[in-house]
Amino acid sequence: MGRRLCAAGRTTRLSGGIQAVSRIDWKELYSTVGAGLKPSPIRELMKYTRQPGMISFAGGNPDPAIFPVAEFGRASTILTERGREVLQYGATDGFAPLKEYIAQWMAPRMGRVTTSEEMLISTGSQQVMDLLCSALVDAGDYVIVEEPTYPGSIHTMRNHRVSFLTCPCDEEGMVVDAIPALVERARKEGKKVKFIYTIVNFHNPAGVTLSVERRRKLLEIASKEGILIFEDDPYGHLRYDGDHLPTIFSMDNEGLVLFACSFSKILAPGTRVAWSVGDRELIRSLVMVKQGVDLCTSVVAQALVYEYCRQGNLEGFLPKIVAHYGRKRDAMAAAFAKYLPADVRFVKPEGGFFFWLTLPGVDTKELFFKAIERNVAFVTGTSFFPSGKGGEENLRSCFTFASTEEIDEGARRLAQAIADLKG
């Protein structure tokens with residue numbers, strides 16, 4: 001028998017049955033943030049999706065069947081051609097050839113060719129949120145966010161002890177007319193609003209797109225109030241219907257917008273390569289914060305992405321992935337219409353990864369476990385509400401990972417789970 005837990009520590013079982021005893025009382029050492037840490041609600045649900053036979057609409061995962069494996073293999077020649085460069089430490093702001101490629105490629109969407117000093121390459125776009133909070137936010141400062149919104153960003157902001165002011169969404173995205181009252185509330189409390197966070201295209205989780213009129217209105221409000229807009233656009237290239245809308249960044253001539261995008265959804269998430277563009281003074285601050293975080297994003301990953309793009313693969317790949325995911329979007333819309341009760345409401349997204357469903361009178365937390373019994377998974381709506389109120393009758397469903405056959409079967413199982421819950 002190993003030793004039991006000592007007074008000021010805990011027992012950890014090692015291989016061979018030997019137990020190590022920690023003599024540190026971690027609760028006495030945790031910071032305010034460390035003591036209050038909670039796991040990602042979506043990550044916590046993932047353990048249920050690994051059961052045999054499970055059809056998962058839960059995680060927002062790209063389809064690995066369409067990953068450009070062969071093309072990435074050919075791009076790896078950059079390691080032999082420029083290995084002494086790309087295997088070395090890199091500049092914190094990013095691999096210069098990749099930055100130049102992105103600036104030229106994104107110019108039509110950004111309204112101009114942005115400069116190197118206006119761009120930062122990051123380790124995923126969520127890092128941009130972390131860096132921004134480090135640069136701008138003091139504990140208790142307000143950030144205005146959509147509700148619902150992406151839980152990963154909520155998690156990051158909570159780690160920085162952000163206070164949330166929440167703005168509702170409808171079919172045209174963030175209800176920006178509600179923002180002035182939120183700013184006034186903050187002022188009356190003697191607090192500052194440091195930035196406004198919005199997922200502009202094919203929102204996660206709501207699937208909606210911020211209208212052009214509201215984009216202009218949001219910029220007007222930000223200009224009047226002197227508040228930064230964080231324009232998060234990880235799904236913008238994945239449009240299946242209609243025309244691309246202008247970015248808020250392209251409308252801005254006052255340095256009010258920080259724009260972020262990523263290769264995770266349009267190439268492969270394993271690259272962990274993203275970028276942000278904004279006022280050069282702000283970008284310089286983010287670079288200095290990043291120097292104390294990870295020094296630089298993997299130069300190997302950046303170089304592979306650059307070479308893949310330089311060889312002309314990205315422009316050829318995007319139409320394929322748009323067509324691939326567009327078929328899956330259509331399959332999920334058809335399956336939901338076919339199987340789900342008539343009172344279930346959803347908006348067919350014009351792009352992106354997600355459907356946002358409203359199930360009147362159904363507690364989706366209870367439904368989740370009925371669905372797991374039927375071997376289908378989704379994410380409960382409450383996970384997306386930073387205020388802690390709302391989403392009880394909502395769920396998010398991702399259509400990109402499952403096959404079209406699985407989408408149809410999963411929708412049928414979900415309908416069965418609803419029937420099980422209602423008895």
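**Close-ups of a mixed sheet and its helices**

**View 1. Eight strands line up in an open sheet, in the order β4-β11-β10-β9-β8-β5-β6-β7, with mixed pairing.** This is a predicted model. At the edges sit β4 (119-122) and β7 (173-174), and each of these pairs on one side only.

**View 2. Here we zoom in on β8 and β9, which pair in the parallel sense.** Strand β8 covers residues 193-199 and strand β9 residues 228-232, with five bridges between them. To find your way along the pair, look for I196: its bridge partner in β9 is I229.

**View 3. Helix α10 (residues 179-188) lies across four strands: β5, β6, β7 and β8.** Of these, β5 spans 142-147 and β6 spans 163-170. Follow the helix against β6 and you'll find that α10 runs at about 170 degrees to that strand. One of the strands under this helix, β7, is also an edge strand of the sheet.

**View 4. Helices α8 (residues 126-136) and α9 (residues 151-159) pack with their axes 9 Å apart.** The angle between the two is about 25 degrees; that falls under 35 degrees, so α8 and α9 count as roughly parallel to each other. As for handedness, α8 passes α9 in a right-handed crossing.

**View 5. Staying with α8 and α9, this close-up picks out the residues where the two helices meet.** From α8 come Q126, M129, D130 and C133, while α9 brings G152, S153, T156 and M157. Sorted by class, the contact is a mix of three nonpolar, four polar and one charged residues.

Note on methods:
Residues are numbered from 1 along each chain as its sequence is written. This is a predicted model: local features need pLDDT of at least 70, side-chain atom pairs count only at pLDDT 80 or more; totals for chains, interfaces and linings use all residues. Side-chain values use heavy atoms; hydrogens and water are left out. Axes are lines fitted to C-alpha atoms, for helices over the stretch in contact, and angles run from 0 to 180 degrees between N-to-C directions. Angles under 35 degrees count as roughly parallel, over 145 as roughly antiparallel, 65 to 115 as roughly perpendicular and the rest as oblique. A crossing is left-handed if the near helix is turned anticlockwise from the far one by less than a right angle, and right-handed if clockwise. Contact means heavy atoms within 4.5 Å. Ala, Val, Leu, Ile, Met, Phe, Trp, Tyr, Cys and Pro count as nonpolar, Asp, Glu, Lys and Arg as charged, and the others, Gly among them, as polar. Two strands pair if DSSP finds at least two bridges between them.
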